[in-house]
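Biologist: I would like a close look at a single part of this protein, with its surroundings filled in as you go. Could you walk me through it in one connected answer?

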Amino acid sequence: MKKYILILILISLFALSGCVIIQPTSQKYVVYEMENDRTLKMRFEKGSDDRIETIMFRIVRNSVDLREEGDTDDEVAYDRLVELYESDVAYFKDLPDVFVSNRTPDIANLKGVDGFAISIYVSDDFKPTAQQSGWDVSYALTIVADFTDDMDGQSIAKVLSYVGLDNNAWTGKQLSFNKISKSQSFLFFDVIKEGERAEFTD
């Protein structure tokens, strides 16, 4: 009888020790959004609430926000939007190892383009739309960065600078959520503090 009890105890201990070494298989995604103009989506390293493996910054530029006092028609704001669009494209276009496109990004799966750690998407569909439905138009700029891939230091520094962050938030293979959420210069600082939040796992 004692022999059977000893065997049961050993099996239980083995099972418990197995539970300890099992690593979580799912990853956490967190999304913050404010007024459909700015969206921040992050995939965290397994078991972490701080280390971001992949991140998406999405900004919508609206011509209505570019109107100034004294403008006589909407076309002036539209022209400013075109200038902003061209400036955004030029900012990212010549960065090393960065994919820049006007195609629609894979937002749902938070994936960029194979072979590129950083993918930039600047939509240009507002140009024909403006001629069809007036001058109140917009375009979206979406940045997807995968920190598990090798990144060009100049490129990631330029991307982080665009959203108001410096390299202190980037630890080589991850971006720190704790650091970016405390940076008041971060373009998404108020989105994290006041925006709608959703969390899910894959």
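**A close look at L84 and its surroundings**

Modeller: Happy to! L84 has a relative accessibility of 27%, so this residue counts as partly exposed. Please keep in mind that this is a predicted model. The residue belongs to helix α2. Setting aside residues up to four places away in sequence, L84 touches R61, L66 and Y139. Y139 is 55 residues from L84 along the chain, and the C-alpha atoms of the two are separated by 9.9 Å.

Y139 also leads us to the aromatic residues, as Y78, Y85, F126 and Y139 form one aromatic cluster. In total, the count of aromatic pairs comes to 15. One of them is F57 with F188: the ring centres are 5.7 Å apart and the planes meet at 40°, so this pair is tilted, falling between the 30 degrees for stacked and the 60 for edge-to-face. The two partners come from distant parts of the chain, with F57 in strand β3 (residues 51–62) and F188 in the loop between α5 and α6, 131 residues apart. F57 is buried, at a relative accessible area of 2%, and F188 is buried too, at 0% relative accessibility.

Back to the helix that holds L84: what does it add to the interior? The largest nonpolar core has 45 residues, and M42, I55, I118, I180 and F186 have the most contacts inside it. Helix α2, covering residues 74–93, gives the most to this core, with five residues. There is also a second, separate core of seven residues, F99, L110, V113 and V144 among them.

F186 brings F57 into view again: beyond its neighbours within four places in sequence, F186 is in contact with L40, F57, V163, G164, L165, I180 and I192. G164 and L165 turn up once more around S183, which contacts G164, L165 and F189 when neighbours within four places in sequence are left aside. S183 sits in the loop between α5 (177–180) and α6 (189–194), and its 18% relative accessibility is under the 20% cut-off, so S183 counts as buried.

Finally, a word on the largest pocket, whose volume is about 160 Å³. Its lining has 15 residues, with L110, K111, G112, F116 and D146 nearest the centre. Strands β5 (118–122) and β6 (138–146) are the elements that give two or more residues to this lining. By type, the lining residues divide into six nonpolar, four polar and five charged.

Methods. Residues are numbered from 1 along each chain as its sequence is written. This is a predicted model: local features need pLDDT of at least 70, side-chain atom pairs count only at pLDDT 80 or more; totals for chains, interfaces and linings use all residues. Side-chain values use heavy atoms; hydrogens and water are left out. A nonpolar core is a set of buried Ala, Val, Leu, Ile, Met, Phe, Trp, Tyr and Cys residues joined through side-chain atoms within 4.5 Å. Buried means under 20% relative accessible area, exposed over 50%, partly exposed in between (1.4 Å probe, protein chains only). Helices (H or I, at least four residues) and strands (E, at least two) are DSSP runs, numbered from the N terminus. Contact means heavy atoms within 4.5 Å. On a 1 Å grid over the protein atoms alone, a cavity is a set of points where a 1.4 Å probe fits but cannot get out, and a pocket is an open set with protein on both sides within 12 Å along at least five of seven lines; lining residues have an atom within 4 Å of a point. Grid points are joined across faces, edges and corners, and a volume is the space filled by probe spheres set on the points. Ala, Val, Leu, Ile, Met, Phe, Trp, Tyr, Cys and Pro count as nonpolar, Asp, Glu, Lys and Arg as charged, and the others, Gly among them, as polar. Rings of Phe, Tyr and Trp (its six-membered ring) pair if their centres lie within 6.5 Å; planes under 30 degrees apart count as stacked, over 60 as edge-to-face and the rest as tilted.
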